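Reader: I am new to this structure and would like a close look at a single part of it, the contacts between charged side chains. Please set that part in its surroundings as well.

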Amino acid sequence: MRKIILTSVLCLISFTIVNATASTIAYANIDAKAAILIEAENKKIITAQNEHEQLSPASVTKVMTILLTYESLQTGRIKADDVVTISAHAASMGGSQIFLEQGQRQSVSDLLKSVIIASANDSSVALAEHIAGTEEAFVILMNERAKELGMENTTFKNATGLDAEGHLTTAYDISLMSAELITKHSQVSEIANTWQDTIIHRTAKGEKEFGLTNTNKLIRHYDGLTGLKTGSTSEALFCMAASAQRDGLELVSVILGSPTGPIRFQEAKKLLDYGFANFQVKEADPFEGSISVHKGELDFAPVATENTVNLTVPKGREVIIEEEIILPKFINAPMEQGENLGEIIYKIDNEEIARANLVLAQTIEKAGIFHNFQKLLK
């Protein structure tokens, strides 16, 4: 166990602390049906309110649509310069839109930009159809990905977030997919932080410029904001997922069912302010260990963490970081450097705050006959 002493910072917002641990503090009085604040890298809950209550998410749904689009670009399933022909179904979407017409041709990059900035429903469906063939097939992909991310209380019915029976999720589940998006596809922040931009409408009648204005008002006045997505319908009320980063600490706050748009932004900001005032990132000390080797040229092999591990720890108090090591008793040679062997779990007050893979730090060759003979003589 390692003892870490951190500097004190005063929090200017009043919170009620209930059964506080070093890493999770619960408080009430967020003006919304549900809310949550998590640290993005490890998806660690910092504070929450009704975070598992199933609610309508409105256009915050599009976080999953955007995530699947970036993943499809990454795997080569689609390309940014692909030209998409707009279907009648996509063109029929109401609500927020860029007024695409049936038969119109738009690039994937322009469609994605209009979804992220302007929350365009028609563009969301056009992307869904381009990726999966139909919106219905895309929704299957959405729900499969949700399960992979641990979104156990989510059922998507469409790619847009328009009110539909059974289209439900939770603040916690939204925080999971939002964290996945901003940590694995950080390029989304450049678009999400664009206040105004344009795309070119390409129709049979010619080309014309179409303006986009961001639906996320926080980007104009919140320091460190990295995104992400707003939404509102008559059923869902006002919702958003907001992400921000300062001094290496990236947070995601989610608001569901707030009574007005301004209150939604105010409450998302309150959560982020609380997180930055009370928590900070501490790089974990390098792990140094070894593991017994059978049938190898070495009797013991070095073990290390796969990557640098950042821990989100509270400010203003002394905490002890506990480390739980999960490794087999031995490995059999040969094995390559970098092969996964187990895990290290970091805890504060017996509560997990992060975990990382433990890997073999050097290649271990299988012992030859001569080497085994030498060992026998010894």
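How many salt bridges does the count come to?

Author: The count comes to 16 salt bridges. The model is a predicted one, and what follows describes that model. Side chains of opposite charge can pair when their charged atoms come close.

A suitable place to start is the pair Arg-145 and Glu-71, whose side chains meet in a salt bridge with an N to O distance of 2.8 Å. Arg-145 lies in helix H5 (residues 135–148) and Glu-71 in helix H1, so this pair ties together parts that are 74 residues apart in sequence. Both partners, Arg-145 and Glu-71, are buried. They also belong to a network of salt bridges, in which Lys-43, Glu-71, Arg-145, Glu-148, Glu-180 and Lys-184 are linked.

Another pair is Glu-343 with Arg-355, whose side chains meet in a salt bridge at 2.9 Å, N to O. This pair links distant parts of the chain, with Glu-343 in strand S17 (residues 340–348) and Arg-355 in strand S18 (residues 351–360), 12 residues apart. Glu-343 has a relative accessible area of 22% and is therefore partly exposed. Arg-355 counts as partly exposed too, because its relative accessibility is 38%. The loop between S17 and S18 holds Asp-349. Although Asp-349 is not a glycine, its phi is positive, at about 50 degrees. Asp-349 is partly exposed, with a relative accessible area of 46%.

A third pair is Glu-207 with Arg-202, a salt bridge in which the closest N and O atoms are 3.8 Å apart. The cut-off for a salt bridge is 4 Å, so this pair is counted. Glu-207 counts as exposed because its relative accessibility is 60%. For Arg-202 the value is 34%, so Arg-202 counts as partly exposed.

A charged side chain can also be placed against a ring. Arg-264 lies over the face of Phe-265, 4.5 Å from the ring centre. Arg-264 and Phe-265 are among the buried residues of helix H8, a list that also includes Glu-267, Leu-271 and Tyr-274. Helix H8 covers residues 261–278, which makes 18 residues. From its first C-alpha to its last, H8 reaches 26 Å, close to the 26 Å expected at 1.5 Å a residue. The N-terminal end of H8 is capped by Thr-260, with a side-chain oxygen 3.1 Å from the backbone nitrogen of Ile-263. As for contacts between rings, the structure holds 1 aromatic pair.

Now to the strands that come after H8 in the numbering. Strand S12 (residues 289–294) pairs with strand S13 (residues 300–305) in the antiparallel sense, over 4 bridges. One of the residues involved is Gly-289, whose bridge partner in S13 is Val-303. S12 and S13 form a hairpin with 5 residues between them. In that turn, Lys-295 has a positive phi of about 65 degrees. S12 is also joined to strand S16 (residues 330–332) by 3 bridges, and these two strands run parallel. Here the bridge partner of His-294 is Asn-332 in S16. The loop between S16 and S17 contains Pro-334, which is joined to Ala-333 by a cis peptide bond with omega about 5 degrees.

A cis peptide bond also runs from Gly-227 to Leu-228, with omega near 25 degrees. Leu-228 is found in strand S8 (residues 225–233).

Two loop residues complete the surroundings. Asp-81 is found in the loop between helix H1 (62–75) and strand S4 (83–85). With 59% relative accessibility, Asp-81 counts as exposed. The C-alpha atom of Asp-81 is separated by 5.5 Å from that of Ser-107, although the two residues are 26 residues apart along the chain. Ser-119 lies in the loop between helix H3 (108–118) and helix H4 (121–132). Its phi is near 55 degrees, a positive value in a residue other than glycine. Ser-119 is buried, with a relative accessible area of 3%.

To return to the charged contacts: the pair Arg-145 and Glu-71 is buried, whereas Glu-343 and Arg-355 are partly exposed. In the remaining pair described here, Glu-207 is exposed and Arg-202 is partly exposed.

Methods:
Residues numbered from 1 in each chain as written. Predicted model: local features only at pLDDT ≥ 70, side-chain atom pairs only at ≥ 80, totals over all residues. Heavy atoms only, no water. Pairing = 2+ DSSP bridges. Expected span 1.5 Å × (residues − 1). Buried < 20%, exposed > 50% of the residue type's maximum accessible area, 1.4 Å probe, protein only. Polar contact = N/O pair within 3.5 Å; in protein donor to acceptor, adjacent residues only side chain to side chain. Phe/Tyr/Trp six-rings, centres within 6.5 Å; stacked < 30°, edge-to-face > 60°. Lys NZ or Arg CZ within 6 Å of the ring centre and 35° of its normal.
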